[in-house]
Amino acid sequence: MDSFEWNKIIGAVLATALFIMVVKIASEAIFHVPKPAKPGYDVPGVEETQTAEVSKPAEETLPDFATVIPAADQAHGQQVAQRCTQCHDWAKGGPNRIGPNLYGIIGRVRGTHEGFNFSAAMKNKGGEWSYVDLFHYLKSPGTFIPGNKMAFAGLPKAQDRIDLIAFMRTWADSPPPLPPPAPAAPTGEEAGGQTPPAGNQPTPAPTPH
């Protein structure tokens with residue numbers, strides 16, 4: 001086989017390879033499917049495991065628990081609590097599940113319940129589950145205690161958390177008392193003295209000449 005035949009074979013191979021590359025590039029440009037911004041199916045209440053450091057939450061005005069808890073809708077709180085049933089039981093003497101039994105949770109020392117292995121993050125947090133802490137934790141468990149095991153996105157609506165906490169108070173023989181009521185806002189008289197009404201100002205004494 002002479003060199004002319006070899007040149008034809010090599011040229012054919014190169015042309016074929018070039019054609020394949022062109023087809024590949026063109027097909028990617030024509031049939032490119034952008035990555036969706038959100039997953040096709042989103043499980044309510046569950047978030048992906050956090051790998052990056054959790055940002056500090058924005059400050060939120062605390063409700064006056066002494067006022068809002070007695071007025072809360074416990075029936076709605078019970079509906080909200082249904083999201084917790086896959087992981088928690090709150091019956092007295094009930095079992096631990098994926099999460100610990102929650103009977104008597106308000107006022108309980110964090111990271112303590114017989115038979116449940118808590119995360120180091122939960123144990124190291126310390127303190128008791130107060131109304132204030134539960135209000136913050138239920139908004140975003142991963143933000144309030146980074147690294148804990150609870151894979152729940154949280155309840156962004158304050159009223160949902162208030163109603164849920166009101167229902168959670170029934171998970172005890174005698175729930176801890178509510179915090180004292182917030183002090184009333186000072187009136188104008190208490191803030192700086194009563195301002196004389198307009199039109200009744202005292203007439204200044206004449207200046208002697």
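A salt bridge, as I will use the term this morning, is a side-chain nitrogen of Lys or Arg within 4 Å of a carboxyl oxygen of Asp or Glu, and by this rule the count for our structure comes to five salt bridges. Before I go through some of them, please keep in mind that what you see is a predicted model, so let me begin with the confidence.

The mean pLDDT of the protein is 81, and 71% of its residues reach 70 or more. Taken by element, the confidence is highest in helix 7, at a mean of 98, and lowest in helix 8, residues 188-192, where the mean is 57. There is also a stretch, residues 46-54, over which pLDDT stays under 50, and for this stretch the model has eight contacts beyond four places in sequence.

Now to the salt bridges, and first to those that involve E60. Which residues are linked with E60 in a network of salt bridges? They are K139 and R161. With K139, the closest N and O atoms are 3.7 Å apart, and this pair links distant parts of the chain, since E60 sits in the loop between helix 1 (3-30) and helix 2 while K139 belongs to helix 5, 79 residues apart. With R161, the side chain of E60 meets its partner at 2.9 Å, N to O, and here again distant parts of the chain are linked, the loop between helix 1 and helix 2 on one side and helix 7 on the other, 101 residues apart.

The three members of this network can also be placed by their accessibility. E60 counts as partly exposed, at 22% relative accessibility, and K139 is likewise partly exposed, with a relative accessible area of 29%. R161, at 0% relative accessibility, counts as buried.

A further salt bridge joins D173 and K92, with the closest N and O atoms 3.1 Å apart. D173 lies in the loop between helix 7 and helix 8, and K92 in the loop between helix 3 and helix 4, so the pair ties together parts that are 81 residues apart in sequence. Both residues are exposed, D173 with a relative accessible area of 59% and K92 with one of 58%.

Let me turn to the packing of the helices, beginning with helix 5, which spans residues 131-139 and in which Y131, D133, L134, F135, Y137 and L138 are buried. These buried residues pack against helix 2 (65-68), helix 4, helix 6 (141-144) and helix 7.

In helix 3, the buried residues are G77, V80 and A81. Why do they lie on the same side of helix 3? They cover an arc of only 100° around the axis, and that is what puts them on the same side. The partner against which the buried residues of helix 3 pack is helix 7, residues 158-168. At the start of helix 3, a side-chain oxygen of D73 reaches to within 3.1 Å of the backbone nitrogen of A75.

Beyond helix 3 comes the loop between helix 3 (74-81) and helix 4 (120-125), and in that loop we find D89. D89 is buried, with a relative accessible area of 14%, and its side chain is joined to that of R97 by a polar contact of 3.5 Å. If we leave aside residues up to four places away in sequence, D89 touches G94, P95, R97, P100, N101, L102 and Y103.

Finally, a word on the cysteines. How many disulfides does a search of the whole structure find? The search finds zero. C84 is in no disulfide, and the nearest cysteine sulfur, that of C87, is 8.2 Å away. Since a disulfide requires the two sulfur atoms to be within 2.5 Å, the 8.2 Å between the sulfur of C87 and that of C84, its closest cysteine sulfur, is too far for a bond. As to their surroundings, C84 is buried, with a relative accessible area of 18%, whereas C87 counts as partly exposed, at 31% relative accessibility.

To close, I would come back to two points. E60, K139 and R161 are linked in a network of salt bridges, and helix 7, to which R161 belongs, is where the confidence of the model is highest.

Key:
Residues are numbered from 1 along each chain as its sequence is written. This is a predicted model: local features need pLDDT of at least 70, side-chain atom pairs count only at pLDDT 80 or more; totals for chains, interfaces and linings use all residues. Side-chain values use heavy atoms; hydrogens and water are left out. Buried means under 20% relative accessible area, exposed over 50%, partly exposed in between (1.4 Å probe, protein chains only). Helices (H or I, at least four residues) and strands (E, at least two) are DSSP runs, numbered from the N terminus. A polar contact is a pair of N or O atoms within 3.5 Å; within protein, one must be able to donate a hydrogen and the other to accept it, and residues adjacent in sequence count only if both atoms are side-chain atoms. Contact means heavy atoms within 4.5 Å. The arc is that of the directions from the helix axis to the C-beta atoms. pLDDT is the predictor's confidence in each residue, from 0 to 100.
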